[in-house]
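Hi,

Here is the structure I said I would pass on. Have a look at it first, and then read my notes below.

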Amino acid sequence: IWHTSCCQQCEARVGSKKYAICKVAVSPMVFDASATSKRIQLEDDDRVARCVRTGCQYAIAVGSTRYVVGVHTWEVKVHSCTTNFCMIIGVVSYPLPDGLDSARERDWYGWKSNGRRCSGELSAISTFQNGDVLKLSLDCKTNTLSVQHERKGTLDILENVVPRDGGCLRALAGLYEESQRVEFC
């Protein structure tokens with residue numbers, strides 16, 4: 001996917017009237033190899049994350065873009081999602097206080113494939129499965145993260161999405177079971 005970021009504003013004049021114009025930056029969405037668990041293999045120019053080894057906790061892949069200000073949107077396509085183990089899609093507070101391979105759900109904001117939020121509450125988006133596309137939108141001014149489930153047409157919004165200790169937020173895929181796979185599409 002190409003994600004969009006509304007980070008800069010400028011003014012435009014038409015006659016005597018001023019208008020605020022948002023400059024939209026468009027760039028490819030990829031995972032950051034240096035911020036990805038050793039149990040994840042990146043493929044297809046780092047747009048796809050695949051779990052190559054099952055462990056006792058989630059293996060995470062972190063997006064390369066750091067979000068601090070503005071509104072950002074991106075889409076994730078779910079591949080190889082099993083019903084036995086959850087997959088997580090959302091954002092993570094970065095840098096992780098205890099290091100990459102000791103990441104805990106307290107650092108994550110998002111949704112699990114079993115229809116729950118990372119906080120454990122039931123989600124309005126219900127479950128997601130193979131082939132589903134999830135559209136995420138992060139608004140750093142209002143501290144909200146929303147997800148729209150394309151196939152079901154449902155929407156869920158998380159509030160108080162803030163990075164820890166002056167850090168930033170980055171896109172997150174948490175994979176638990178071998179061969180689970182997600183793609184920025």
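Below is what turned up, going from the whole chain down to single side chains.

One thing before you start: this is a predicted model.

**The chain as a whole**

You won't find a helix here: the chain has 0 helices and 14 strands. Read from the N terminus, the elements are β from beginning to end. Of the 185 residues, 45% count as buried. The accessible surface comes to about 9,300 Å², and carbon and sulfur atoms make up 48% of that. Contacts often reach far along the sequence: among those with a separation of 6 or more, 63% are between residues 24 or more positions apart.

**A sheet of five strands**

Next, find the open sheet of 5 strands, whose order is β3-β6-β13-β8-β9 with antiparallel pairing. Its edges are β3 (31-36) and β9, each of which pairs on one side only. On average, neighbouring strands in this sheet are turned by 35° against each other, direction ignored. At the β9 edge, strand β8 (residues 88-94) is joined to β9 by 5 bridges, and the two run antiparallel. If you want one of these to look at, I88 has K112 in β9 as its bridge partner.

**The aromatic cluster**

This is the part I'd zoom in on. The model has 4 aromatic pairs. One of them is Y58 with W108, an edge-to-face pair with 5.5 Å from centre to centre and 80° between the planes. What does this pair tie together? Y58 is in the loop between β5 (48-51) and β6 (59-63), while W108 is in strand β9 (residues 108-112), so the contact joins parts that are 50 residues apart in sequence.

Is W108 buried or exposed? Its relative accessibility is 5%, and because anything under 20% counts as buried, W108 is buried. Y58, at 13%, counts as buried too.

Y58 has a further partner in Y176: the ring centres are 5.3 Å apart and the planes are at 70°, so this pair is edge-to-face as well. Y176 sits in the loop between β13 (168-175) and β14 (181-184), 118 residues away from Y58. Both Y58 and Y176 are buried. Taken together, ring pairs link Y58, W108 and Y176 into a cluster.

**A charge over a ring**

Last, look at R170 and Y94. The charged end of R170 sits over the ring of Y94, at 4.2 Å from the ring centre.

Cheers

Notes: Residues are numbered from 1 along each chain as its sequence is written. Side-chain values use heavy atoms; hydrogens and water are left out. Rings of Phe, Tyr and Trp (its six-membered ring) pair if their centres lie within 6.5 Å; planes under 30 degrees apart count as stacked, over 60 as edge-to-face and the rest as tilted. Helices (H or I, at least four residues) and strands (E, at least two) are DSSP runs, numbered from the N terminus. Buried means under 20% relative accessible area, exposed over 50%, partly exposed in between (1.4 Å probe, protein chains only). A charge sits over a ring if NZ of Lys or CZ of Arg is within 6 Å of the ring centre and within 35 degrees of the ring normal. Two strands pair if DSSP finds at least two bridges between them. Axes are lines fitted to C-alpha atoms, for helices over the stretch in contact, and angles run from 0 to 180 degrees between N-to-C directions. Contact means heavy atoms within 4.5 Å. Accessible areas come from the Shrake-Rupley method with a 1.4 Å probe; for residues, only the protein chains shown count as cover.
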